[in-house]
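Me: I'm new to this one. Can you walk me through it?
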Amino acid sequence: MRFVINTHWHFDHTGGNALFSDSAAILAHANVRKRLLSGAKILTFEIPPAAPAALPIVTFEEGLSLWWNGEEVRAIHLRPGHTDGDTAVWFTGSNVVHMGDDFITTGFPFVDLSSGGNVRGLLEALDSLLPQIPKDAKIIPGHGHVSTVDDLRKYRSSLEEMVAVVAKAQKAGRTVEQMKADKLLAPWAAEWGKGWVKEDGFIETIAQDLATKR
Ligand SMILES: [Zn+2]
């Protein structure tokens, strides 16, 4: 292997870095390196600072292209959504886009507010990426099954609807506890409730995000 591109800093997406670093150059958005260097607490997980061998040796801000295997592989930094170091990787010749954890099919989205993530930013990140990629691209989620651009659009719409539902309740003066009791996200829980982010947890995340000035 010659190149490894980290889509963000979470350990389930960077845990192999040190194993590949002998032969491969590790590339990532600058914030991935910064967060790997410092470590952090995410929910109940204590993430220690990464070993030097696990750190990206090439960092970028906006993105970069690898001209490799007869195609352009485009790393595109997306504005803070899942974290503040998210990158989508578009294999332009193969017509495949890896979304990192900006898109998952296994449950409610995880927006890591403690790593600079942002629910409204995630919507904007998807809105900025969708017009750039071909309509028939294969979409690889950070977790879950290979999907289509339509699946990605549907996920984006659901996310927008959930944010709107929580925003409306917040405007009406409902507390987070009341929103949970009202089962505000029940319409989406049938499809997404089996993941590790639960309905109540996602209500909390959206409410916390909306209460924060941007
Ligand atoms: Zn992640």
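What follows is a short chat about a sheet, a helix and a metal site.

Reply: Sure. Keep in mind that this is a predicted model.

Me: Start with the sheet of three strands. What is the strand order?

Reply: The order is 1-2-5. The sheet is open, and the pairing is parallel.

Me: Which strands stand at the edges?

Reply: Strand 1 (3–5) and strand 5 (58–60) do. Each has a single partner strand, so one side of each is left without a neighbour in the sheet. From one strand to the next, the twist averages 20°.

Me: How many bridges join strand 2 to strand 5?

Reply: Three. Strand 2 covers residues 25–29. As for partners, Ala 28 is bridged to Thr 59 in strand 5.

Me: And which helix packs on the sheet?

Reply: Helix 3, residues 30–38. Helix 3 touches strand 2 and strand 5. Its direction makes about 105° with that of strand 2.

Me: New topic. What are the protein donors of the zinc ion?

Reply: His 8 (NE2), His 10 (ND1), His 82 (NE2) and Asp 101 (OD). They lie 2.2 Å from the zinc ion.

Me: How are those donor residues spaced in sequence?

Reply: The spacing reads H-x1-H-x71-H-x18-D.

Me: Is the zinc site regular or irregular?

Reply: Irregular. The angles among the four donor atoms run from 85 to 168°. A tetrahedral site would need all angles between 85 and 135 degrees.

Me: Back to His 8. Buried or exposed?

Reply: His 8 is buried, with a relative accessible area of 0%. His 10 is buried too, at 5%.

Definitions and conventions. Residues are numbered from 1 along each chain as its sequence is written. This is a predicted model: local features need pLDDT of at least 70, side-chain atom pairs count only at pLDDT 80 or more; totals for chains, interfaces and linings use all residues. Side-chain values use heavy atoms; hydrogens and water are left out. Two strands pair if DSSP finds at least two bridges between them. Helices (H or I, at least four residues) and strands (E, at least two) are DSSP runs, numbered from the N terminus. Axes are lines fitted to C-alpha atoms, for helices over the stretch in contact, and angles run from 0 to 180 degrees between N-to-C directions. Contact means heavy atoms within 4.5 Å. Donors are N, O and S atoms within 2.8 Å of the metal (3.2 Å for Na, K and Ca); water is not among the atoms, so sites may look incomplete. Four donors count as tetrahedral if all angles lie between 85 and 135 degrees; four count as square planar and six as octahedral if opposite donors are over 155 degrees apart and all others between 65 and 115; anything else is irregular. Buried means under 20% relative accessible area, exposed over 50%, partly exposed in between (1.4 Å probe, protein chains only).
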